[in-house]
Amino acid sequence: MAGLVGATIAGSGTGSYFALNVAVGVASLALVPLLRRWPVQAALLLSLLAALSPAATPPATMAILVVAEWQPLSVAVAVAGTGIAAHLIRGAWQPYSGLPYFWWVLLVFVAYAALVGWGTLIRAHRALISSLRDRAERAEADQARRVTEARGAERARIAREMHDVLAHRLSLLATYAGALAYRPDAPPDQVARAAEVVRSGVHQALDELREVIGVLRDDSLPDLAAASRPLPGLADLPDLIGESRAAGMRIETGGEAWSAPGLPDVAGRTAYRVVQEGLTNARKHAPGQPVTVTLGGGQGAGLDVSVVNPTGTVSAGTVPAGTAPAGPAFPVPGSGTGLIGLTERLELAGGRLYWANSEGEFVLRAWLPWPETEHNVIRASD
């Protein structure tokens with residue numbers, strides 16, 4: 001910039017205005033650093049100096065460009081008008097030799113319009129880049145938030161699944177351990193079978209607990225649902241009831257929907273968890289009492305699952321011969337969150353859950369959607 005000012009002064013000659021040109025050139029160079037902090041004020045002062053000498057023209061035009069870059073278009077146009085007026089004034093009393101005043105006016109207008117347009121274009125490009133950067137940052141933040149939410153939801157699902165499994169298995173172990181503690185004089189074969197059940201159950205519980213802890217600790221897993229064991233469904237209910245019967249529970253079954261052809265897998269898994277939670281609660285809070293498990297409903301009407309048991313506790317329950325030594329029922333403490341988690345599970349599956357403790361019975365009942373198959377819908381329409 002100093003070189004341009006010096007060249008302008010040299011081109012103006014050493015006539016009567018030489019001292020004025022030098023003074024204006026030095027003053028304009030002193031105002032240039034102020035453009036960073038006060039661009040509008042410095043540009044106006046440079047425009048005033050440009051009315052006195054052509055030495056201020058390079059800093060004045062650069063000031064217009066800076067103002068157009070960083071200020072609104074209206075402000076830039078106003079400052080540019082001041083610069084145009086200043087140059088027109090100087091051209092009137094200090095004209096260029098060989099250049100008509102009309103062409104000088106046209107040159108000034110075109111130059112300032114180009115500077116304002118250039119600065120506005122730079123400002124728009126900078127705003128576009130900033131907007132794109134903000135959008136990219138927001139998109140990355142939203143993506144990270146969605147991944148975190150999905151990971152948290154999947155972890156909660158796995159934790160709920162493992163809670164159901166561990167609560168059921170540990171309540172079975174507590175039943176067997178209580179029977180062993182009550183009848184240490186039982187036949188050795190029964191004691192050995194019960195001890196083996198406890199040992200294998202503890203190993204299974206530890207494996208399941210280790211699995212869920214490993215999944216919850218590993219943030220690098222792309223699919224947190226990648227469990228090593230398949231999720232149980234409606235076809236696994238007989239094994240669940242048989243396992244509970246082997247632990248001494250008296251379970252009666254009823255209903256016509258145990259096979260449930262065409263039932264969605266989600267509904268089958270949810271029905272399994274409903275029965276599992278009902279048996280676990282009965283074992284915890286009403287040990288020794290009979291339990292009735294009923295599966296009813298049909299395609300189009302939905303699947304009805306109910307687990308009913310008396311709420312009292314018997315003084316001496318028995319375990320079937322050949323499984324474990326006979327003994328009293330030992331209540332198992334519970335956290336009270338199983339039914340809450342089961343309610344969330346039913347809502348996610350599109351079903352409803354109801355439970356009540358009245359008239360000496362605890363009733364756990366669930367309804368799950370069981371849509372008609374396409375074949376049945378076509379036959380009904382015919």
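The following legends describe close-up views of a predicted model.

**View 1. The open five-stranded sheet of the predicted model.** The five strands are arranged in the order 1-2-3-5-4, and their pairing is mixed. Strand 1 (251-254) and strand 4 (352-358) form the edges, each pairing on one side only. From one strand to the next, the twist averages 10°.

**View 2. Pairing of strand 1 with strand 2.** Strand 1 and strand 2 (residues 291-298) run parallel and are joined by four bridges. Glutamate 252 has threonine 292, in strand 2, as its bridge partner.

**View 3. Helices packed on the sheet.** Helix 8 (residues 237-246) touches strand 1 and strand 2, and its direction makes about 155° with that of strand 1. Helix 10 (residues 338-348) also packs on the sheet, where it touches strand 4 and strand 5 (361-368). The direction of helix 10 makes about 150° with that of strand 4.

**View 4. The surroundings of alanine 56.** Alanine 56 lies in the loop between helix 3 (39-50) and helix 4 (57-70). This residue counts as buried because its relative accessibility is 0%, where the cut-off for a buried residue is under 20%. When neighbours within four places in sequence are left aside, the contacts of alanine 56 are Val24, Ser28, Leu46, Leu49 and Ala50. Between the C-alpha atoms of alanine 56 and leucine 29 the separation is 8.2 Å, although these residues are 27 residues apart along the chain.

Notes: Residues numbered from 1 in each chain as written. Predicted model: local features only at pLDDT ≥ 70, side-chain atom pairs only at ≥ 80, totals over all residues. Heavy atoms only, no water. Pairing = 2+ DSSP bridges. Helix = DSSP H or I, 4+ residues; strand = E, 2+ residues; numbered from the N terminus. Axes fitted to C-alpha atoms, helices over the stretch in contact; angles between N-to-C directions. Contact = heavy atoms within 4.5 Å. Buried < 20%, exposed > 50% of the residue type's maximum accessible area, 1.4 Å probe, protein only.
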